[in-house]
Amino acid sequence: MAKYFDAIDTLMETIKFERKCRLSDDFFYDVIKIYGHLAGRINRAIETLFDMPNYKCWPSVRTFNFVLNLLVNTKQFDVVHKVYIRASELGVEIDACCLNIIVYVSGTLQKCRWMRVGSCKSSIIVKGLCHCGELDAAYKVFDEFPKQDCQPNVRTFSTIMHALCERGHVDEALGLLERMEKENVEPDAIVFNTLISGLRKQRRVDEGIEMFKKVMLKGCDPNPGTYQEVLYALLDAKRYLEAKDFMDVMIDKRVNPSFESYKLLIHDLCNGKLLGDLDWALRQMVRHGFVPRMGMWRQILGCLFPHDGDCCTA
């Protein structure tokens, strides 16, 4: 039986390097299900989820939640958290089902005294409280760390930061970054992604760009989510020429902008009647395997052949 699963591995590697072959989220869902349920290869199921962007396919929340449920059913609670924090990097929008899984995990872990289970599991409890809307309770657990001779780790900080940013308390989240530096806790890309996203939602684009520069200065490797957050900030602010230049930087770093990024950029370039830049964006979009949809083609054609001197709007 094992040889059949090895054959799947071989096939997947072949497809990865075949540029003309496009795979759907449904396909990956089925492969992950086979690895998890039939083969019992839980680690391979997780690896497949994380590898999806390399096939130019981003996981749906259904596929993401399937992996979380798989881990819960096999009682791998520590791993649930490690997968969960990769959601933004994978472009997954967290839904109620996902939050219920996290709350369940945090509740399971609370059967033990939290100060005995270590900072990693304590961080999961903090996350569960945050997503239940219990930010004050999460802060109390957070403040208990030093009292119990337990050092908050980067996950603990990023969890509180995310909760603060979701509630619009970005400055308070930025204050936690200073606290991390004082306590010698190295911030990672997820911390910076959270802060840049928070600044973006408050239209503080320049501060978000400065935060991105800080990532580079600190020698922290930005992940695709970091670049994407900055790009979305520029697009939200209608700074489409800067967005185009930043896309150039992303492509040079071999980070592919998302379909939504191209859609927003093309919309703005059409409105600005910047045909040369529009041609570049369209070529790059197709080059990276995205197919413009009908509404986008209508808008592009409306810009190329305007009626009464106006571009169409999608």
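Colleague: What makes α11 and α13 roughly parallel to each other?

Modeller: This is a predicted model, to start with. In it, the axes of α11 (residues 189–201) and α13 (residues 224–236) meet at an angle of about 10° and lie 9 Å apart. Angles under 35 degrees count as roughly parallel, so the two helices get that label.

Colleague: Fine. Which residues of α11 and α13 make the contact?

Modeller: From α11 you have A189, N193, I196, S197 and R200. From α13 come G225, T226, E229, V230, Y232, A233 and D236. Sorted by class, that's five nonpolar, four polar and three charged residues.

Colleague: Over to the charges. Why is the R86 and E89 pair called a salt bridge?

Modeller: Their closest N and O atoms are 2.9 Å apart. The cut-off is within 4 Å, so the pair qualifies. R86 has a relative accessible area of 23% and E89 has 21%. Buried would need under 20% and exposed over 50%, so R86 is partly exposed, and E89 is partly exposed too.

Colleague: How do you know that E210 and K213 are separated by about one helical turn?

Modeller: They sit three residues apart in helix α12 (residues 205–217), which means about one turn between them. Their side chains meet in a salt bridge at 3.5 Å, N to O. With 47% for E210 and 43% for K213, both values fall between the 20% and 50% limits, so each residue is called partly exposed.

Colleague: And what about K244 and D277, which parts of the chain does that pair link?

Modeller: The salt bridge itself comes in at 3.7 Å, N to O. It links distant parts of the chain, with K244 in helix α14 (residues 240–252) and D277 in helix α16, 33 residues apart.

Colleague: Is K244 buried or exposed, and why?

Modeller: K244 has a relative accessible area of 12%. Buried means under 20%, so K244 is buried. D277, at 22%, is over that limit but not over 50%, so D277 is partly exposed.

Colleague: Which residues do shared salt-bridge partners join into one network?

Modeller: D171, R204 and E207. Across the whole structure, the search finds 16 salt bridges.

Colleague: Last one: why does Q284 count as buried?

Modeller: Its relative accessibility is 12%, and the limit for buried is under 20%, so Q284 makes the cut. Q284 is found in helix α16 (residues 275–287). Leaving out residues up to four places away in sequence, Q284 touches I251 and Y262.

How values were computed:
Residues numbered from 1 in each chain as written. Predicted model: local features only at pLDDT ≥ 70, side-chain atom pairs only at ≥ 80, totals over all residues. Heavy atoms only, no water. Helix = DSSP H or I, 4+ residues; strand = E, 2+ residues; numbered from the N terminus. Buried < 20%, exposed > 50% of the residue type's maximum accessible area, 1.4 Å probe, protein only. Contact = heavy atoms within 4.5 Å. Axes fitted to C-alpha atoms, helices over the stretch in contact; angles between N-to-C directions. Parallel < 35°, antiparallel > 145°, perpendicular 65-115°, else oblique. Nonpolar A, V, L, I, M, F, W, Y, C, P; charged D, E, K, R; others polar.
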